[in-house]
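Please examine the sequence and the model shown here. The paragraphs that follow begin with a group of aromatic rings and then move through the chain as a whole.

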Amino acid sequence: MSKEFFKKELVKEFRLVETLMKKEENVDRKIYCFSAAYGITSRSYRYNFSKDVLLADLVLNTAYQALFDRSQRTKNGDITVFIEPIHFEKIEEGLRLLADAFENNESILEPLETILTSSFSTSGAGNYLREKGLLKL
C-alpha cells in the first residue's frame, strides 16, 4: 500500500476521532475515543514508516496516558486537578489541525503542541503552570 493511502487513512481517522469526542459527554468515553488517534498512527508507521507519523504516535500516546492517569487519579479521590471541557476542546482542535497538516503536507508541530500542552495541563505540574498563567490553553 502506498504512502498516500496511509496518509488518507490517518486524516480520515483523526477527523472521525474529533467528531466522536465532540459528541461524547462522558470523560472516560472521550478518552477512550481519543485512544483511536494513536491506534491509527501506530498501525500506519508499521506499514509505511514516516518520522512524522512516529512523532505523532509518541505525542498522541503520551497525551492519552496523561488523560487516562488524571481520570484514574480523580476516581481514586485525588481532587487537585480536574479534566475540564477546555482540555478536550483543545485536543479536538489539535486533531483537526493535525489532520489538515497531514492532508496538506504541512508541519505537524503546532497541532502536536496543542494536543500535548492540553494533556500536560491535566498533570500536577501542568496545572500549576496553568494556574500561574504560564501555560495557556
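Phe 5, Phe 6 and Tyr 47 together make up one aromatic cluster. The model in which this cluster appears is a predicted one.

To place the cluster in context, consider the overall fold. The protein chain contains 6 helices and 0 strands. Read from the N terminus, its elements follow the order α-α-α-α-α-α. The radius of gyration of the protein chain is 15 Å, close to the 14 Å given by the globule rule for 137 residues, and the chain is therefore as compact as a globular protein of that length. Measured out along the principal axes, the C-alpha trace spans about 45 × 30 × 25 Å.

The interior and the surface may be considered next. Of the 137 residues in the protein chain, 42% are buried. Contacts between residues at least 6 apart in sequence can be sorted by separation, and 63% of them join residues at least 24 apart. The protein chain exposes about 7,800 Å², of which carbon and sulfur atoms supply 54%. As for charge, there are 20 positive and 21 negative side chains, and the centres of these two sets lie 2 Å apart.

The aromatic side chains deserve a closer look. The count of aromatic pairs in this structure comes to 5. In one of them, the rings of Tyr 38 and Tyr 64 have centres 5.3 Å apart and planes at 50 degrees; the pair is tilted because planes count as stacked under 30 degrees and as edge-to-face over 60. Tyr 38 belongs to helix 2 (residues 27-47) and Tyr 64 to helix 3 (residues 51-75), so this pair ties together parts that are 26 residues apart in sequence. Both Tyr 38 and Tyr 64 are buried.

Tyr 64 also pairs with Phe 68: their ring centres are 5.9 Å apart and their planes stand at 25 degrees, so this pair is stacked. Tyr 64 and Phe 68 both lie in helix 3, 4 residues apart, which is about one turn of the helix.

Are these two partners buried or exposed? Tyr 64 has a relative accessibility of 15% and therefore counts as buried, since the cut-off for buried is under 20%. Phe 68, at 37% relative accessibility, counts as partly exposed, because this value falls between the limit for buried and the limit of 50% above which a residue is exposed.

How values were computed. Residues numbered from 1 in each chain as written. Predicted model: local features only at pLDDT ≥ 70, side-chain atom pairs only at ≥ 80, totals over all residues. Heavy atoms only, no water. Helix = DSSP H or I, 4+ residues; strand = E, 2+ residues; numbered from the N terminus. Rg over C-alpha atoms; globule rule 2.2 N^0.38 Å. Buried < 20%, exposed > 50% of the residue type's maximum accessible area, 1.4 Å probe, protein only. Contact = heavy atoms within 4.5 Å. Areas by Shrake-Rupley, 256 points an atom, 1.4 Å probe, with all protein chains shown as cover. Lys, Arg positive; Asp, Glu negative; His and termini not counted. Charge placed at Lys NZ, Arg CZ, Asp CG, Glu CD. Phe/Tyr/Trp six-rings, centres within 6.5 Å; stacked < 30°, edge-to-face > 60°.
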